[in-house]
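Please look through the sequence and the model shown here before reading on. The paragraphs after it offer a guided way through.

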Amino acid sequence: MTGTETMKTTYREAMRAAIRDALQRDDRVFLMGEDVGRYGGCFAVSLGLLDEFGPERIRDTPLSESAFVGAGIGAALAGMRPIVEIMTVNFSLLALDQIMNNAATLLHMSGGQCNVPLVIRMTTGAGRQVAAQHSHSLEGWYTHIPGIKVLAPATLTDARGMLWTALQDPDPVLIFEHGSLYNMHGSLTADAGAVDIRSAAVRRAGADVSLITYGGTLSTTIAAAETLAGDNIDAEVIDLRSLRPLDDKTITDSVAKTHRAVIVDEGWRTGSLAAEISARIMEQAFWDLDAPTERVCGAEVPMPYPRHLEQAALPGADAIVAAVRRAVG
Amino acid sequence: MSRAAAKGAPPEAAHRRDLLRQMLLIRRFEDKCVELYSAGEIRGFVHLYIGEEAVAVGVNEAVTAEDSIVSTYREHGHALARGLPLDSVMAEMYGKTSGCSRGRGGSMHLFDVSRRFYGGNAIVGGGLPLSIGIALADKLRGEQRVTACFFGDGAVAEGEFHECMNLAALWDLPVLFCCENNLYAMGTALERAQAQTDLALRAGSYGMPAWAVDGMDVLAVQHAARGAVEAIRAGGGPHFLELRTYRFRAHSMYDPERYRDKSEVEEWKKRDPVDLLACRMRESDELTDADFQAMGDALTGEIDKAVAAAKAAPAEPVEDLTRFVYSPEPI
């Protein structure tokens, strides 16, 4: 096959292809987490990999988030390139000590001796009616921590390409996969591979307003932009891709062009990533603005179970459209 | 010099002399730390190991340079026994660039990856998962290495401890768990914090060999650790030693010690690990008072030199404040 040929795939399959590729390319890589082996992964991402690579490299763990995340850190210190899967971001809190106090800290605390080339993948976000302990978008918390990098692949290309680049990084990288994306389908070129993990991407060019988002809310935001196009409002949509570090330049270049910014973030508003982005726009692009920045965030409530309440708690296209209308006056 | 030393000590006697010297180095180093702390020369938390020296020295005798060590915040002894240069440890206390962590770690975060010494972890139990991971990496690569992980009795109350005991036993990992049971988690006595105070029994419930050792007797520690390391290297999976010891000094420099009686401390001091070995060596005519005095004087001289070097060493430039948060970008 050549690079121009395309194949149908899903986000889940693209992620699996990325893991398979990494396991084939580098003997130091192994996947470890709850039910990644026999079960095939809680979201079926690693389905089939146990048969292909065996139980040493597709390693089922007990329900011991702190121990197996910490073991990933230790293995990385000792020269391996572990991929640790945590079922959901809510469960990652059981390993927060290891992520914060060890993974993010060891390099500095040791005066540059202890690299932690670890990748941690986890599911984030709502939309599946799994209520208040499986639905939150806590990636913004992780962006607070110096020493780690935080990625949010929102497209098939990024699902396929971010993992390998993350594994090349000498420092710990967290990859947040929004649970609503796994069934997203589309095409990838047969030679799709590594992508950069530093820059934001303009997913829709526009002149009137900058819509800044990432991960699970990218498709909602693009839908809102299409609606606005019907009203002759030309919205630019930025997919952040990397949440830490943030690509300030792509954001401020866009705002310099559109003079208005609306940030869409499924996380809670208070102390959020959206707040950080808003502050950076104030600091770096204040004089370019024609209107205050707007934020469309998740409602400040533990996620309720019933569908209508869950939907009401999430940033929807209508709320984005309304925020844009306020911004453009 | 004793008669034995004068005529060329037999290897065992020379070895005991080396153990004594190592313990005395740790003791004198920490005596100096107290002095420097009181004088305001060094700051932060300083957790003294005085009284527990036999554990670090005895365990270190059982491992090789190829093996790995994971330590705690009370790790001056582990670091010095591991062979981290005295100058680099003292410079770390001063927060200088020549420190073993470039001064960025301080007393609680001594690192030397070239000696496979993976730090100084100041979250109780936080080093245990790292030891699991290092051992897993060794196992996956087919290395014969052992990882020795130090932690205290307090860590046994942490969930992380139990997760790690389970994982190490389940995966048959080459880890030597060295539980330094000094009877207090900071100011809380073991029996006030833990329903079952037989710590070896608890580790043993995970299906690994586990036993208690007299942690004041360096030869007993060495013997136990050697046996355990040999078994681990032969594929015997993780082993657990409960090293019964006692810290003679306060938990840290801020501790008024309201939680224990002075008489208890005095009772334990009768089993001072340095004195215990020195006495035995005197009895077997391997050491004279003059030898012991000379050994101490030489160490004091080395420590004074390390202090002078640390004081004279450059500090990290403020412009480098955020260095080592991330690795340098590849060129």
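What follows goes from the confidence of the model to the domains and sheets of chain A, and then to chain B and the contact of the chains.

The structure is a predicted model, and its overall scores are an ipTM of 0.95 and a pTM of 0.96. For chain B the average pLDDT is 95, and 97% of the residues in that chain score at least 70.

Chain A is a convenient place to begin, since its domain assignment gives domain 1, covering residues 6-189, and domain 2, covering residues 201-328. The C-alpha centres of domain 1 and domain 2 of chain A lie 26 Å apart, and the contact of these domains takes 23 residues from domain 1 and 22 residues from domain 2. On the domain 1 side of this contact, the elements that give two or more residues are helix H7 (139-142), strand E6 (149-151) and strand E7 (173-178) of chain A. The largest share of that side comes from E6(A), with three residues. Sorted by class, the side of domain 1 that touches domain 2 has ten nonpolar, ten polar and three charged residues.

The strands E6 and E7 of chain A also appear in an open sheet of seven strands, whose order is E3-E2-E4-E5-E7-E6-E12 and whose pairing is mixed. The edges of this sheet are formed by strand E3 (58-60) and strand E12 (242-244) of chain A, each of which pairs on one side only. Direction ignored, neighbouring strands of the seven-stranded sheet are turned by 25 degrees against each other on average. At one end of the order, strand E2 (residues 29-33) of chain A pairs with E3(A) in the parallel sense over three bridges, and Leu31(A) has Ile58(A) as its bridge partner in E3(A).

Chain A holds another open sheet, this one of five strands in the order E9-E11-E10-E13-E14, again with mixed pairing. Why is one side of strand E9 (201-204) and of strand E14 (294-298) of chain A left without a neighbour in the sheet? Both strands stand at the edges and each has a single partner strand, so one side of each has no neighbour there. In the five-stranded sheet, neighbouring strands are turned by 25 degrees against each other on average, direction ignored. Within the sheet, strand E10 (residues 209-213) and strand E13 (residues 261-268) of chain A pair in the parallel sense over three bridges, and the partner of Ile212(A) in E13(A) is Ile263(A). Helix H9 (residues 218-229) of chain A packs on this sheet, where it touches E9, E10, strand E11 (235-239) and E13 of chain A, and the direction of H9 makes about 170 degrees with that of E11(A).

Turning to chain B, helix H3 (residues 53-62) is mostly covered, with ten of its ten residues buried. Among the buried residues of H3(B) are Glu53(B), Val57(B), Asn60(B) and Glu61(B).

The contact between the chains takes 32 residues from chain B and 34 residues from chain A. On the side of chain B that touches chain A, strand E2 (117-120), helix H6 (128-140) and helix H7 (159-170) of chain B are the elements that give two or more residues. The largest share of this side is that of H6(B), which gives ten residues. By class, the side of chain B that touches chain A has 17 nonpolar, ten polar and five charged residues.

Methods: Residues are numbered from 1 along each chain as its sequence is written. Chains are lettered from A and ligands numbered from 1 in the order in which they are written. This is a predicted model: local features need pLDDT of at least 70, side-chain atom pairs count only at pLDDT 80 or more; totals for chains, interfaces and linings use all residues. Two strands pair if DSSP finds at least two bridges between them. Helices (H or I, at least four residues) and strands (E, at least two) are DSSP runs, numbered from the N terminus. Axes are lines fitted to C-alpha atoms, for helices over the stretch in contact, and angles run from 0 to 180 degrees between N-to-C directions. Two residues are in contact if their C-beta atoms, placed from the backbone, lie within 7 Å. Ala, Val, Leu, Ile, Met, Phe, Trp, Tyr, Cys and Pro count as nonpolar, Asp, Glu, Lys and Arg as charged, and the others, Gly among them, as polar. Domain bounds come from an automatic or database domain assignment. pLDDT is the predictor's confidence in each residue, from 0 to 100. A residue is buried if 20 or more other C-beta atoms lie within 10 Å of its own, exposed if 12 or fewer, and partly exposed in between; C-beta atoms are placed from the backbone.
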